[in-house]
Amino acid sequence: MKRWMGISWVSLVFAFLYGPLLVLMVFSFNQARYTTAWQGFSFTWYTSLFENQHLLDAFVNSLIVAFVSSLAATAMGTLGAFAVSWYRFAGRKIFFGLVYSVMMSPDIVMGISLLMLFVLAGIHPGFLTLLTAHITFCLPFVIVLVHARISGFDPSVVDAARDLGAKEYDVFFKIILPMILPAVLAGWLLSFTLSLDDVIISFFVTGPGFEILPLKIYSMVKLGVTPEVNALCTILFLLTLAAVMTAHFLIKEKKK
Amino acid sequence: MNERQGFKFFAVFINMAWFALFVLVPGLMVVGISFLTRDMGSFFAWPPTLVHYKELVDPVYAKVLGNSLVYSLNTTLLCLGIGYPFAWFLSRAPAYRRPLLLMMVIIPFWTSSLIRTYALVILLKANGIINAVLMGSGIVSEPVSMLYTDVAVYVGLVYSLLPFMILPLYAVLEKMDLRLVEAARDLGANGLQVFVHVVLPLSLPGIMAGCIMVFLPAMGLFYIPDLLGGAKTMLVGNFIKNQFLTTSNWPFGSAASVFLLLLMVLMLGIYFLLSNRFNRNQTL
């Protein structure tokens with residue numbers, strides 16, 4: 001009896017979480033334009049999507065921002081995680097405090113604060129401001145993820161390398177980095193999805209000359225639903241799915 | 001400076017400098033500007049004033065803040081009500097099944113909340129799937145208007161934020177020592193007593209973490225009421241957005257942002273107090 005209650009509760013919640021996404025994906029293949037009735041399977045909306053130059057441009061822009069910002073955040077964050085794990089330095093606690101407060105602070109506050117910073121500094125909103133903002137909100141995730149991995153292994157490995165004459169640079173690139181690589185890759189993939197999906201922060205730091213996909217989708221949905229958006233959202237969802245599953249697999253690997 | 005110190009300095013410096021420049025400085029700017037006077041030309045100007053904070057508690061705007069708090073509170077309670085039993089059942093599932101089930105929670109956790117909100121729009125709109133099913137089965141003859149209602153906003157907020165409640169709850173429930181539950185039962189506690197005196201106190205850190213992760217974002221997700229609620233329903237997020245992009249009132253928008261930051265500090269403070277007390281009790 002109790003078992004059945006559990007199974008049905010879990011199933012209901014999963015149906016709630018996945019039902020709408022499933023409907024979205026199925027209907028992206030629907031021939032019909034205005035009705036929700038099924039009028040046959042077709043790739044019409046995918047084809048028209050790939051003929052829509054505005055959407056494609058926004059998609060490419062999003063991919064570029066996501067790729068560059070996740071790469072930069074991963075490089076910096078890995079160094080940062082290494083530093084807080086291996087060195088004592090003044091402000092170590094402040095550093096951790098900042099990392100966690102960035103993770104917890106409401107997106108909208110980060111959005112408006114960066115908007116004011118860029119406007120007052122006279123920086124034109126566009127590619128660079130988006131990049132900076134995305135690096136900022138990805139960085140804490142990388143640091144926390146990589147830090148968890150570094151604190152999991154034996155410090156005597158590093159001592160041994162240093163005793164044998166390895167320079168600090170070698171310790172990092174030849175000893176630590178290969179050991180934490182799965183976490184670094186996971187951090188990179190998750191940063192990529194974070195960047196690709198962000199709406200709120202991008203909303204405030206984007207400029208008229210540089211459109212990115214989530215904001216484009218947002219404005220299209222406000223104007224009304226078109227089946228092309230279904231196709232676009234399906235592609236984005238599958239991209240996220242692939243990245244998250246790979247990241248999850250990489251994080252799990254380390255535990256073995 | 002030797003080579004090791006050089007590397008250390010570099011690794012620490014670029015991260016610290018980044019956070020200082022793009023988190024600390026802008027954060028202080030928000031606080032500072034919230035105390036200045038509005039200016040049409042340069043966004044803000046001297047002299048310092050408390051007028052924006054006074055306006056926030058003015059009935060017109062206090063109503064916006066109050067509404068937003070109510071939305072967040074109800075969303076948090078709904079997520080807790082749905083998520084707690086779910087996380088409990090998940091943590092009690094056979095061990096070989098748990099990784100897959102957990103993965104199924106993590107996927108929506110990372111999926112764009114905008115895409116998931118859009119999926120709800122398709123489902124709820126007048127000629128959407130739910131109405132098609134309702135009319136097809138003869139339950140209703142006219143389409144029910146579900147989109148652009150309060151209910152739709154709640155569905156959207158819960159739908160977006162539920163995974164953020166489930167994951168921390170699952171983390172504490174999965175680690176819980178079931179021998180404590182057995183001991184309580186052996187000593188004659190009934191199901192409710194076991195829950196109130198054993199399970200609930202032990203899962204408190206997870207409940208608190210989940211509530212923070214739902215409550216705070218729920219105040220800021222401006223696109224959910226935008227897409228699901230029409231213009232009537234407003235969160236603090238919509239209000240701040242309007243101050244910056246529509247009326248260009250930076251100081252007022254900053255004051256509302258400071259309100260959100262204070263809320264965050266308050267909730268994190270409670271969390272740390274609770275978890276400190278919790279850890280002390282654990283070691284006793």
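This is a short tutorial dialogue on reading a predicted model with chains A and B.

User: Where should I begin with chain A, and how many helices and strands does chain A have?

Analyst: A reading can start from the secondary structure and then move to the overall extent. In this predicted model, chain A comes to 11 helices and 0 strands, and its pattern along the sequence is α-α-α-α-α-α-α-α-α-α-α. The C-alpha trace of chain A spans about 70 × 65 × 30 Å along its principal axes, and of its 256 residues 43% count as buried. As for the contacts in chain A with a separation of 6 or more, 80% of them are accounted for by residues 24 or more positions apart.

User: Which domains does the assignment give for chain A, and how many residues of domain 1 are in contact with domain 2?

Analyst: For a pair of domains, one can look at the bounds, then the centres, then the contacts. The domain assignment gives domain 1 as residues 1-30 and domain 2 as residues 51-255 of chain A, and the centres of these two domains, taken over C-alpha atoms, are separated by 30 Å. Between them, 5 residues of domain 1 are in contact with 6 residues of domain 2, and the side of domain 1 that touches domain 2 is made up of 4 nonpolar residues, 1 polar residue and no charged residues.

User: How many residues of chain B are in contact with chain A, and which helix gives the largest share of that side of chain B?

Analyst: An interface can be read from its residue counts and then from the elements that supply them. Here 65 residues of chain B are in contact with 62 residues of chain A, and helix H1 of chain B, residues 3-33, supplies the largest share of the chain B side with 19 residues. By class, that side of chain B has 49 nonpolar, 10 polar and 6 charged residues.

User: How do I read a pair of helices from two chains, and at what angle do H1(A) and H3(B) cross?

Analyst: Two packed helices are described by the angle between their axes and by the distance between those axes. Helix H1 of chain A, residues 2-27, and helix H3 of chain B, residues 59-91, have axes that come within 9 Å and cross at roughly 120°, and the two helices are therefore oblique to each other. The crossing in which H1(A) passes H3(B) is left-handed.

User: Which residues meet where H1(A) contacts H3(B)?

Analyst: From H1(A) come Gly6(A), Trp9(A), Val10(A) and Val13(A), which meet Ile82(B), Pro85(B), Phe86(B), Phe89(B) and Leu90(B) of H3(B). This contact divides into 8 nonpolar residues, 1 polar residue and no charged residues.

User: Turning to single residues, does Leu65(B) count as buried or partly exposed, and why?

Analyst: A count of C-beta neighbours settles this. Leu65(B), which lies in helix H3 of chain B, counts as partly exposed because it has 18 C-beta neighbours inside 10 Å, whereas a residue needs 20 or more to be buried. Leaving aside neighbours within four places in sequence, Leu65(B) is in contact with Leu56(B), Val236(B) and Phe259(B). The C-alpha atoms of Leu65(B) and Phe239(B) are separated by 8.9 Å, although these residues are 174 residues apart along the chain.

User: Where is Val153(B) placed, and how many C-beta neighbours does Val153(B) have inside 10 Å?

Analyst: Val153(B) has its place in helix H7 of chain B, residues 150-175, and with 23 C-beta neighbours inside 10 Å it counts as buried. Its C-alpha atom is separated by 9.7 Å from that of Thr117(B), which is 36 residues apart from Val153(B) along the chain.

Key
Residues numbered from 1 in each chain as written. Chains lettered and ligands numbered in written order. Predicted model: local features only at pLDDT ≥ 70, side-chain atom pairs only at ≥ 80, totals over all residues. Domains from an automatic or database assignment. Contact = placed C-beta atoms within 7 Å. Nonpolar A, V, L, I, M, F, W, Y, C, P; charged D, E, K, R; others polar. Helix = DSSP H or I, 4+ residues; strand = E, 2+ residues; numbered from the N terminus. Axes fitted to C-alpha atoms, helices over the stretch in contact; angles between N-to-C directions. Parallel < 35°, antiparallel > 145°, perpendicular 65-115°, else oblique. Left-handed = near helix turned anticlockwise from the far one by under 90°. Buried ≥ 20, exposed ≤ 12 C-beta atoms within 10 Å, placed from the backbone.
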